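Here are some short exercises to try with the model open in your viewer. Each comes with a worked solution, so have a go before reading on.

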Amino acid sequence: MDIGGKIRQLRIKNQLTLEELANRSELTKGFLSQVERNLTSPSIATLEDILEALGTTLGAFFAAEKDEQIIFTAEDYFINEQEGYSVAYIVPNAQKNDMEPILLTLPGGGVSEKMEPYEGEELGYILQGKVALYNGDDRYVLKSGQTFYMKGDKTHYLANEWEGEASVIWVSTPPSF
């Protein structure tokens with residue numbers, strides 16, 4: 001573990017200069033600089049003083065941080081099969097994020113769930129086939145390679161009114177699927 005680097009990150013996160021941290025922890029600016037550059041190691045008691053000045057504890061400092069998953073593969077997807085469509089949640093547990101992407105697959109004649117109005121925005125990219133986008137009283141026809149972007153303030157849904165399968169990447173913010 002890069003103890004010095006982690007201390008530096010905490011100090012910057014707390015918007016403290018080395019001098020301010022030195023004053024709060026009753027250590028010298030030079031010593032803290034050496035600790036942050038891993039040129040010296042603090043004793044446990046000194047590390048406790050530094051961490052207290054940074055508003056954390058030894059336990060929290062050394063707690064294993066779970067790396068945020070950045071790449072997702074088909075093995076990560078959860079697929080929800082419905083009558084008339086299927087939804088692949090391509091970023092699992094996305095409801096904790098600011099946006100939620102799905103892969104919507106509509107067979108010929110398939111219709112997605114109707115989304116009720118909400119405060120948010122949506123973007124869709126047609127990967128394959130052709131779909132009709134119903135947004136309030138409006139109807140738009142989109143084909144492969146086209147994109148829609150809209151507010152979620154009207155009842156809306158997608159329909160595949162043609163033969164063959166249609167696939168759409170659909171992103172909602174905040175998560176609403």
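**Exercises on charged side chains**

Glu121 has a relative accessibility of 26%, so Glu121 counts as partly exposed. Please keep in mind that this is a predicted model.

**Exercise 1.** Find the salt-bridge partner of Glu121 and work out which elements the pair ties together.

*Solution.* Step one: look for the partner. The side chain of Glu121 meets that of Lys151 in a salt bridge, at 3.3 Å from N to O. Step two: check this against the cut-off, which asks for a side-chain nitrogen of Lys or Arg within 4 Å of a carboxyl oxygen of Asp or Glu. Step three: place both residues. Glu121 belongs to strand 4 (residues 121-128) and Lys151 to strand 7 (residues 147-151), so the pair ties together parts 30 residues apart in sequence.

**Exercise 2.** State how many salt bridges a search of the whole structure finds, then describe the one formed by Arg139.

*Solution.* Start with the total: the search finds three salt bridges. Next, take Arg139, which pairs with Glu161, their closest N and O atoms being 2.5 Å apart. Now locate the two: Arg139 sits in strand 6 (residues 138-143), while Glu161 is in the loop between strand 8 (156-159) and strand 9 (166-173), so this pair ties together parts 22 residues apart in sequence. Finally, look at accessibility. Arg139 is partly exposed, with a relative accessible area of 43%, and Glu161 is partly exposed at 39%.

**Exercise 3.** Decide whether Arg11 and Glu36 are buried or exposed, and say which helices their salt bridge connects.

*Solution.* First, the contact: the side chains of Arg11 and Glu36 form a salt bridge of 2.6 Å, N to O. Second, the helices: Arg11 is in helix 1 (residues 3-13) and Glu36 in helix 3 (residues 29-36), so the pair ties together parts 25 residues apart in sequence. Third, the surroundings: both Arg11 and Glu36 are buried.

**Exercise 4.** Describe residues 7-61 and then the negative surface patch that includes Glu52.

*Solution.* Begin with the record: UniProt, in an unreviewed entry, places the feature "domain: HTH cro/C1-type" at residues 7-61. Over this stretch the chain is 67% helix and 0% strand, with its end C-alpha atoms 9 Å apart. Then turn to the patch, formed by Glu26, Glu48, Asp49 and Glu52. To finish, focus on Glu52, which lies in helix 4 (residues 44-53). Glu52 counts as exposed because its relative accessibility is 61%, and the cut-off for exposed is over 50%.

Terms used. Residues are numbered from 1 along each chain as its sequence is written. This is a predicted model: local features need pLDDT of at least 70, side-chain atom pairs count only at pLDDT 80 or more; totals for chains, interfaces and linings use all residues. Side-chain values use heavy atoms; hydrogens and water are left out. Patches are made of residues with over 30% relative accessible area and no salt bridge: like charges are joined within 9 Å, nonpolar side chains (Val, Leu, Ile, Met, Phe, Trp, Tyr) within 5 Å. Accessible areas come from the Shrake-Rupley method with a 1.4 Å probe; for residues, only the protein chains shown count as cover. Lys and Arg count as positive and Asp and Glu as negative; His and the chain ends are not counted. The place of a charge is taken as NZ of Lys, CZ of Arg, CG of Asp or CD of Glu. Helices (H or I, at least four residues) and strands (E, at least two) are DSSP runs, numbered from the N terminus. Buried means under 20% relative accessible area, exposed over 50%, partly exposed in between (1.4 Å probe, protein chains only). UniProt positions are given in the numbering used here, feature names are shortened, and annotations may be inferred rather than shown by experiment.
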